[in-house]
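Q: Please take a close look at the cysteines and their surroundings, and then at the helix packing and backbone nearby.

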Amino acid sequence: MNNQTSLLFADTVSITETFQIRIPTVGEILKDEQSYYHMVSALTSTPYQYMVLLADHGLDYTEMTDYDLFTMLFPSLCRSDLSIIFGSLNTSDYRVCFDSSNGTKILYSPSNGADYKIDEFVYMRLSDLLRKINNMERNNAKPGNEEAKRYLLEKERKRLKRNANKPYEPHLEKLVTALVNRPEFKYNYEEVMKLSIYTFQKSLEQVQTSITFDNTMIGVYAGTIDTSKIKDRSCFSWIPQK
């Protein structure tokens, strides 16, 4: 696939010349939404988001890179079916090893060979594309000092304990229901199932932008909004700015 092609038209996207990932449809994801977003989270998270798990293994999340975390999580994740993201690629035998040509840490699959090794460059491309496809932002949070690090770790530990027995709350399902019942959204339930998650997320972004624009204009014309006090000028356009 040509990487210059808009993702609106794509069902796969290239990481390297040989390595591709799928862009699943909304319907595919809704068959097991929880598992899908668990996969995406494991493939894109930063050490900050796994601070408790890392601390329980005697690791300092502030001293790890995103790639370090990925190489820890991926071999276990591979025990699950990852075909919704990796298609027909056999991911079951990826293991951490070192590239003999440069001594760097990689994930290697004997069944797939060197063309499908996952080094840090491939990982960065993979995580960036998954965030883009699923409309996610990288978590850039960092503690300011040692005291803040200890406080955040304890706070996160309490949050995880508090939420441990809570059932999963479908997020995508709620978005589908909300959008299908908006006049700005032109798809019914059957049609939206065939949309790629990227196309769906871009449609959601457009509807949100249109609603904000309409509400802003109503306020301007009614005299209840002082435009000189609005710092974020993006609300004056119905076209998303990013």
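A: The answer below goes from the cysteines to a neighbouring loop, and then to the helices.

This is a predicted model, in which local features need pLDDT of at least 70 and side-chain atom pairs count only at pLDDT 80 or more, while totals for chains, interfaces and linings use all residues. Residues are numbered from 1 along each chain as its sequence is written, and side-chain values use heavy atoms, with hydrogens and water left out.

With a disulfide taken as a pair of cysteine sulfur atoms within 2.5 Å, the count of disulfides is zero. Cys78 takes part in none, since its nearest cysteine sulfur, that of Cys97, lies 13 Å away, and for Cys97 the closest cysteine sulfur is in turn that of Cys78, which is too far for a bond. Accessibility is described here as buried for under 20% relative accessible area, exposed for over 50% and partly exposed in between, using a 1.4 Å probe and protein chains only. On that scale Cys78 is buried at 3%, whereas Cys97 is partly exposed at 26%.

Cys78 also appears among the partners of Thr91, a residue in the loop between helix H5 (83–86) and strand S3 (95–98); helices (H or I, at least four residues) and strands (E, at least two) are DSSP runs, numbered from the N terminus. Leaving aside neighbours within four places in sequence, Thr91 is in contact (heavy atoms within 4.5 Å) with Cys78, Leu82 and Phe86, and Thr91 is itself buried, with a relative accessible area of 7%.

Turning to the packing of helices, H4 (residues 66–77) and H6 (residues 120–133) meet at an angle of about 90°, their axes being 10 Å apart. Axes are lines fitted to C-alpha atoms, for helices over the stretch in contact, and angles run from 0 to 180 degrees between N-to-C directions. The contact is formed by Asp66, Tyr67 and Phe70 from H4 together with Glu120, Tyr123, Leu126 and Arg131 from H6.

In the loop between H6 and helix H7 (146–163) lies Asn135, which has a positive phi near 55° although it is not glycine. Most residues other than glycine have a negative phi. Asn135 is partly exposed, with a relative accessible area of 37%.

Further along the chain, helix H10 (residues 197–222) has 26 residues and should span 38 Å, the expected span being 1.5 Å times one less than the number of residues; its end C-alpha atoms are 37 Å apart, which agrees. Gly223, which follows H10, has a positive phi near 85°.
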